[in-house]
Amino acid sequence: MTLDGLDIQILGRLLNQARITWSDLAGHLGLSAPATADRVRRLEERGIIQGYGVQLNAMALGYDLTAFIAVTLAHPSDRDDFLAQVQAHPEIQECHHVTGDHDYLLKVRCRGTQGLERLISEGLKQSHGLRTYTTIVLSTVKETQALPLKVN
């Protein structure tokens with residue numbers, strides 16, 4: 001997908017300040033507010049901007065444990081049941097189908113080890129034929145949704 005310098009500036013500014021007004025964004029770009037809004041709308045229509053959201057502080061909300069759970073399914077027929085379990089648990093923030101020794105890699109946020117145990121034992125392992133390997137995060141050095149932006 002081809003992006004020009006203004007597109008990159010728009011994306012960079014919105015990554016850092018998604019609630020910026022059209023007027024303020026336009027001032028940074030040297031465009032009018034309507035022209036800026038039109039460029040952002042085109043980025044949305046092309047699927048480059050997929051949405052806007054709020055970043056929550058998991059620790060402040062009591063979700064003090066982050067873990068990665070590698071999941072191996074015993075048989076491909078177990079996939080639908082497993083994916084339904086993934087969708088049913090909001091503690092599962094990410095689910096990636098991966099290569100290597102495991103089938104899926106989950107990123108989860110729980111309220112302590114009891115929450116993690118409940119998620120694995122009473123949640124995920126309700127699916128038949130499932131093995132898990134869990135890694136608990138001690139601290140996080142970097143976590144971002146940002147991508148390297150450059151003109152194509």
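These notebook entries record what I looked up in the structure, beginning with the sheet and ending with a surface patch.

**Entry 1: the model.** I worked from a predicted model. I therefore treat every value below as computed from a prediction.

**Entry 2: the sheet.** I looked up how the strands are arranged. Four strands form an open sheet in the order β2-β3-β1-β4, and the pairing is antiparallel. The edge strands are β2 (92-97) and β4, each of which pairs on one side only. On average, neighbouring strands of this sheet are turned by 20 degrees against each other, direction ignored. I noted the general background as well: strands of a sheet pair through backbone hydrogen bonds, either parallel or antiparallel.

**Entry 3: the partners of β1.** I then went through the pairings strand by strand. Strand β1 is joined to strand β3 (residues 104-110) by 7 bridges, and the two run antiparallel. Within this pairing I located F68, whose bridge partner in β3 is K107, and V71, which stands opposite Y104 in β3. Strand β1 is also joined to β4 by 7 bridges, again in the antiparallel sense. Here I found that L73 has L130 of β4 as its bridge partner.

**Entry 4: the β2-β3 hairpin.** Strands β2 and β3 pair in the antiparallel sense over 5 bridges. Looking for individual partners, I found E94 bridged to K107 in β3 and H97 opposite Y104 in β3. K107 is thus a bridge partner of both F68 and E94, and Y104 stands opposite both V71 and H97. The two strands form a hairpin with 6 residues between them. In the turn, G100 has a positive phi of about 105 degrees.

**Entry 5: cover of the strands.** How many residues of strand β1 are buried? I found that 8 of the 9 residues of β1 (residues 65-73) are buried, so the strand is largely enclosed by the rest of the structure. Strand β3 is mostly covered, with 6 of its 7 residues buried.

**Entry 6: helices on the sheet.** I looked up which helices lie against the strands. Helix α4 (residues 79-88) lies across β1, β2, β3 and β4, and runs at about 155 degrees to β2. Helix α5 (residues 112-123) packs on the sheet and touches β1, β2, β3 and β4. The direction of α5 makes about 20 degrees with that of β1.

**Entry 7: Q85.** I selected Q85, which is placed in helix α4. Is Q85 buried or exposed? Its relative accessibility is 17%, and because the cut-off for buried is under 20%, Q85 counts as buried. Not counting residues up to four places away in sequence, Q85 touches I92, G123, L124, Q126 and S127.

**Entry 8: a nonpolar patch.** Finally, I examined the surface. L15, L147 and L149 make a nonpolar surface patch of about 280 Å². I located L149 in the segment after β4 (130-136). With a relative accessible area of 32%, L149 is partly exposed. Residues enter a patch at over 30% relative accessible area, so the 32% of L149 meets that condition.

Key: Residues are numbered from 1 along each chain as its sequence is written. This is a predicted model: local features need pLDDT of at least 70, side-chain atom pairs count only at pLDDT 80 or more; totals for chains, interfaces and linings use all residues. Side-chain values use heavy atoms; hydrogens and water are left out. Patches are made of residues with over 30% relative accessible area and no salt bridge: like charges are joined within 9 Å, nonpolar side chains (Val, Leu, Ile, Met, Phe, Trp, Tyr) within 5 Å. Accessible areas come from the Shrake-Rupley method with a 1.4 Å probe; for residues, only the protein chains shown count as cover. A salt bridge is a side-chain nitrogen of Lys or Arg within 4 Å of a carboxyl oxygen of Asp or Glu. Buried means under 20% relative accessible area, exposed over 50%, partly exposed in between (1.4 Å probe, protein chains only). Two strands pair if DSSP finds at least two bridges between them. Axes are lines fitted to C-alpha atoms, for helices over the stretch in contact, and angles run from 0 to 180 degrees between N-to-C directions. Contact means heavy atoms within 4.5 Å.
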